[in-house]
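User: Could you take a close look at one part of this structure for me, the second chain? I'd like to hear how it meets its partner and how its sheet is put together.

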Amino acid sequence: MKFLLVEDNLDLANAVTSRMLMDGHVVDHAEKIEDAKLFSDTGEYDLILLDIMLPDGDGRSFLEHHRAKKRDTPVIVLTARSQVSDRISLLDLGADDYMTKPFDHAELQARVRAVLRRNHGSSQPVITVGDVSFDPVAGQMRVKGAPVKLRNRELRLFELLINAPNQIFSKQKLCDRLFTFDEDVSENAIEVYIGRLRKHLEPSSVTITTHRGLGYRLDQR
Amino acid sequence: MKDRREGKVNTSGSLRNTLMVSLIGGAVVLAVILYLVVRTYAAQIAQSTQDRILSASITSILDAAAIRNDTLSVELPYSAFSILSTQADDRFFYAIYQDGEFLSGYDRMVHAQTPPGEVRFESGRYDGSDLRIATASRRLVGGSERTTLSVTVAQTQENLAGVLNRISRNAALLGFGFFALMTLLSLWLTYATITPLTRLAASVQRRGAEDLRPVAAPVPAEMAPLVGALNSFMGRLSHSLDQSEEFIAEAAHRVRTPLATVRSYAETTLQRVDKLENRQALRSMVRAIDESSRAAGQLLDHAMITFRADHLNKETLNLTELTQELIQAMRPIAEMKDVELDLMAHDDVQTEGDAILIQNAMRNLIDNALKYAPFETAITVKVLANPTRIKVRDYGPGFPVEEIDELATRFRRGTNSDGIIGSGLGLTIASDVATAHGGSLILTNPAEGGACATLSL
């Protein structure tokens with residue numbers, strides 16, 4: 001996915017960018033409202049991440065500009081303020097969602113997905129491996145064309161695996177992606193989800209193989 | 001809450017009472033003095049009138065006396081008694097003495113010696129009546145005869161007493177009228193003096209929490225220093241409030257932005273390292289960041305709510321819509337844990353309240369439920385009317401039974417909260433919001449398990 005990150009703090013921007021690159025996203029970074037306008041006027045983005053306190057004004061003025069141009073690229077606002085002290089509902093101002101800094105990237109992903117699902121707009125192609133397809137935005141897995149209902153964690157696990165078929169993922173990597181930091185779960189918890197996915201994949205040509213001591217991999221039979 | 005807003009004021013006496021007491025007290029004293037003066041003066045006038053009549057009567061008797069052929073002849077003229085007749089039928093007495101010897105009249109009269117040409121007046125009592133007695137004497141010379149004739153005339157004072165009573169009654173009426181007039185005047189005066197003060201107090205009290213504009217309504221010149229001081233105080237207060245709100249927002253921004261940087265890097269690094277102890281260190285780091293940013297946020301929220309609790313920004317709101325909006329915002333977090341977030345609400349539950357505060361309280365309750373709810377369970381949020389309340393129910397371990405009443409106290413965390421990030425302020429905030437709306441936060445462990453928090457408004 002292609003993101004536009006509007007954030008004046010370079011350190012934070014770098015940190016967020018490198019974290020998102022890791023998930024395979026592309027990020028353009030604008031430091032000021034001016035730049036952000038230029039980027040959003042010339043480029044196509046799946047989603048805009050907007051800091052609200054910027055050196056050349058309030059991020060809300062970018063939102064107004066953005067909505068005035070009738071663009072439907074969703075915007076998620078990143079704010080360091082408290083909603084109680086701000087007393088302004090950012091959603092009323094035309095943002096699709098907001099998150100308070102510091103934020104959890106897994107939560108950001110979840111919100112991005114929710115926003116994109118609501119807006120039905122994304123350049124994300126449907127991924128197909130064998131007779132299994134996956135629509136990352138809708139969070140829809142199909143086995144031989146038939147939709148399969150997945151729980152959120154199963155879905156995120158499957159997304160990781162199908163995004164890089166033939167790559168082995170260690171249990172700990174998968175745990176990192178699946179569980180939040182306040183959940184202390186043992187790595188073995190992942191086995192439950194792998195088991196469930198295998199069950200869903202049973203009728204298909206795709207399978208998840210265990211590589212002892214290394215982890216799991218999505219393979220075609 | 002109300003008491004705190006009005007504040008405890010150290011009072012010494014009351015301006016209104018002081019004014020009223022001194023004005024009405026003054027009126028009483030003046031009225032009594034007026035009554036006494038009028039009465040005394042009237043009594044004196046009445047007395048001197050009687051005295052003049054008595055004296056005229058004596059004079060006419062004395063004048064009628066003469067020495068003819070060396071014998072004293074006293075003829076009592078009719079006029080001497082007719083002028084003494086009164087409406088009250090006062091009785092009168094007379095006695096005539098020659099050189100101290102009783103000559104004629106009423107012999108039991110006290111006889112007083114007076115020098116000639118002078119009338120002497122006395123008051124006395126006789127037969128149960130007040131008596132005014134006048135005595136005068138005259139030296140008569142005729143041939144070889146020299147004699148002193150002395151006459152005493154006395155009159156009862158029935159008529160005088162009647163006159164005095166009438167005058168006293170009128171004087172009393174006058175005094176009372178004066179008192180009544182003065183009382184009305186003092187009431188008006190007190191009212192006129194106090195009104196600008198109470199009007200100012202009311203106009204300051206009526207203001208909304210955010211209204212720190214100077215007082216613009218005209219006030220009497222004497223109150224100008226007070227109002228001037230008040231205006232300048234409010235100006236400074238408004239300035240410092242603006243500054244501190246800006247400061248808080250700026251401080252939050254300054255603290256949270258670097259925290260976000262650290263967290264992002266830590267997350268990125270965590271994906272890259274394999275060594276268990278490094279991974280554990282990074283996880284602890286992220287948890288510490290989450291804990292501190294959450295604590296900072298909730299402390300700020302708690303401070304804001306405590307401040308606002310006295311000045312709620314109340315409006316009519318649709319509690320159902322408000323809850324729907326919040327649940328939509330929180331659903332992605334719930335989904336990450338595979339927890340269902342269900343809303344069960346009557347259509348359009350209306351309530352009076354502060355939308356942001358209520359939403360914040362609900363957010364804290366749902367947040368709590370999300371933290372303790374096991375994977376793949378449901379959290380139900382119910383919006384109920386009559387009385388208006390919101391129930392948040394989860395199927396987690398429930399509240400620790402022995403501490404259930406103290407959980408809403410500041411920084412108090414349940415004994416079963418090990419390993420769960422929290423500041424111990426969430427339930428306090430929810431409870432404060434409920435109290436500010438005249439409701440309460442009730443925590444229960446339903447029999448079927450789990451925890452249930454009821455926020456009533």
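Analyst: Happy to! Let's begin with the contact between the chains: 42 residues of chain B are in contact with 37 residues of chain A. Bear in mind that this is a predicted model. On the side of chain B that touches chain A, at least two residues come from each of α5 (224-272), α6 (276-309), α7 (319-336) and α8 (355-372) of chain B. The largest share is that of α5(B), with 17 residues. Sorted by class, this side of chain B has 19 nonpolar, 13 charged and 10 polar residues.

Now for the sheet. Chain B has an open sheet of 5 strands with mixed pairing, in the order β9-β11-β12-β14-β13. Its edge strands are β9 (340-345) and β13 (440-444) of chain B, each of which pairs on one side only. On average, and ignoring direction, neighbouring strands of this sheet are turned by 15° against each other.

At the β9(B) edge, the partner is strand β11 (residues 378-384) of chain B; the two run parallel and are joined by 6 bridges. Within this pair, Ala345(B) stands opposite Val383(B) of β11(B).

Helices complete the picture. α7(B), which also supplies residues to the side that touches chain A, lies across β9, β11 and β12 (389-394) of chain B and runs at about 170° to β9(B). Helix α9 (residues 426-436) of chain B packs on the sheet too, touching β13 and β14 (451-456) of chain B. The direction of α9(B) makes about 135° with that of β13(B).

Notes
Residues numbered from 1 in each chain as written. Chains lettered and ligands numbered in written order. Predicted model: local features only at pLDDT ≥ 70, side-chain atom pairs only at ≥ 80, totals over all residues. Contact = placed C-beta atoms within 7 Å. Helix = DSSP H or I, 4+ residues; strand = E, 2+ residues; numbered from the N terminus. Nonpolar A, V, L, I, M, F, W, Y, C, P; charged D, E, K, R; others polar. Pairing = 2+ DSSP bridges. Axes fitted to C-alpha atoms, helices over the stretch in contact; angles between N-to-C directions.
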